[in-house]
Amino acid sequence: MGGFVSRGFRSRRRPDAETAERLPPGQYLTRDFPVLSAGPTPRTSLSTWDFSVVGALPEPRRWTWDEFQALPTETVTKDIHCVTKWSKFDTVWEGVSLDTLLAGVETDATHLVAFCDGGYTTNLPLAEVTGGRAWVAFTFDGAPLAPEHGGPARLLVPHLYFWKSAKWVRGLELVERDRPGFWETLGYHNHADPWREQRYQGD
Ligand SMILES: Nc1nc2c(c(=O)[nH]1)N[C@H]1C(S)=C(S)[C@@H](COP(=O)(O)O)O[C@H]1N2
Ligand SMILES: [Mo]
């Protein structure tokens, strides 16, 4: 009978100890990479693409695509967790750390609001996107990030539910008071820590 149960079946139903430890509560492991978008996939040509940091800082910062590519990049391997309950382990990204983008910024801001082509927004505490915890990623699995997954560039904040990882991101607005973004306004949790299962407001 043992041979009847396939490896995949068994590991999906009964995660081994290491998997169980890496899987936040209520999540299941998938090898797929589902696409979740609230609207159509925007197409922005790289010749008009830019990335900016605006809001509560003395001088806004702006990079063209070429300037952005010339910044120091990091390759990171991270587990990601979607609020719809799939998790994916060991995803490999290359991008620019928010530590680099925000280096030396003098600001009274406590939070940022990421803004995107297509109008999506999401908010994050500044203290949670520095110290090697957030990137603007432009490759996935060694290839340019596919448009449906946020290409040319998306935010990557793997320690929070994946809706905080804004696709088609074009910049960060530094704000002195927290301001909920798209899903946060629609009843999802403001903070979104998968380990505390912060899915919806009140969780
Ligand atoms: N601009 C934008 N970013 C977005 C979204 C979106 O609809 N628009 N969806 C979010 C949600 S809910 C999730 S789970 C992830 C999904 O990313 P994926 O489609 O690459 O899996 O993107 C997040 N970033
Ligand atoms: Mo999501």
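Which side chains meet in a salt bridge at 2.7 Å, N to O, with D50 as one partner?

## Basis of the model

This is a predicted model, in which local features need pLDDT of at least 70 and side-chain atom pairs count only at pLDDT 80 or more, while totals for chains, interfaces and linings use all residues. Residues are numbered from 1 along each chain as its sequence is written, chains are lettered from A and ligands numbered from 1 in the order in which they are written, and side-chain values use heavy atoms, with hydrogens and water left out.

## Salt bridges around D50 and R170

The side chains that meet are those of R62 and D50, with 2.7 Å from N to O; a salt bridge here is a side-chain nitrogen of Lys or Arg within 4 Å of a carboxyl oxygen of Asp or Glu. R62 belongs to strand β3 (residues 61–64) and D50 to strand β2 (residues 50–55), so this pair ties together parts that are twelve residues apart in sequence. Helices (H or I, at least four residues) and strands (E, at least two) are DSSP runs, numbered from the N terminus. The two partners differ in exposure, since R62 is exposed with a relative accessible area of 53%, whereas D50 is buried with 14%; buried means under 20% relative accessible area, exposed over 50%, and partly exposed in between, with a 1.4 Å probe and protein chains only.

D50 also forms a salt bridge with R170, where the closest N and O atoms are 2.7 Å apart. Because R170 lies in strand β11 (residues 169–175) and D50 in strand β2, this pair ties together parts that are 120 residues apart in sequence. R170 is buried, with a relative accessible area of 14%, and a salt bridge links R170 to D117 as well, the closest N and O atoms being 3.0 Å apart. D117 sits in the loop between β6 (111–116) and β7 (121–125) and R170 in strand β11, so the pair ties together parts that are 53 residues apart in sequence. D117 and R170 are both buried. Elsewhere, salt bridges that share partners join E18, R22, D79 and D90 into one network, and the count of salt bridges by this rule comes to nine.

## Two antiparallel hairpins

Strands β6 and β7 pair in the antiparallel sense over five bridges, where two strands pair if DSSP finds at least two bridges between them. Within this pairing, L112 has L124 in β7 as its bridge partner. The hairpin has four residues between the strands, and G118 takes a positive phi near 95° there.

Strand β4 (residues 74–81) and strand β5 (residues 86–97) run antiparallel and are joined by seven bridges, with K88 in β5 as the bridge partner of I80. This hairpin also has four residues between the strands, and K85 takes a positive phi near 95° in it. K85 is placed in the loop between β4 and β5 and counts as partly exposed at 37% relative accessibility.

## Surroundings of ligand 1

Of the 20 residues around ligand 1, those that come nearest are P34, A38, H149, R154 and K167, a residue being near a molecule if one of its heavy atoms lies within 4 Å of it. By class, the shell has 14 nonpolar, three polar and three charged residues; Ala, Val, Leu, Ile, Met, Phe, Trp, Tyr, Cys and Pro count as nonpolar, Asp, Glu, Lys and Arg as charged, and the others, Gly among them, as polar.

Polar contacts to the ligand are pairs of N or O atoms within 3.5 Å. One oxygen contact is with an N or O atom in the side chain of R154, at 2.7 Å, and a polar backbone atom of L36 is 2.9 Å from an oxygen atom of ligand 1. A nitrogen atom of ligand 1 lies 3.2 Å from a backbone N or O atom of S165. Taken alone, ligand 1 exposes 530 Å², of which the protein buries 96%, with areas from the Shrake-Rupley method and a 1.4 Å probe.

## Unusual backbone geometry

Most residues other than glycine have a negative phi, and most peptide bonds are trans. A cis peptide bond joins G151 and P152, with omega about 15°, and P152 is found in the loop between β9 (143–144) and β10 (154–156). A192 is not a glycine, yet its phi is positive at about 75°; A192 is placed in the segment after α5 (182–185) and counts as buried at 0% relative accessibility.

Technical notes: A polar contact is a pair of N or O atoms within 3.5 Å; within protein, one must be able to donate a hydrogen and the other to accept it, and residues adjacent in sequence count only if both atoms are side-chain atoms.
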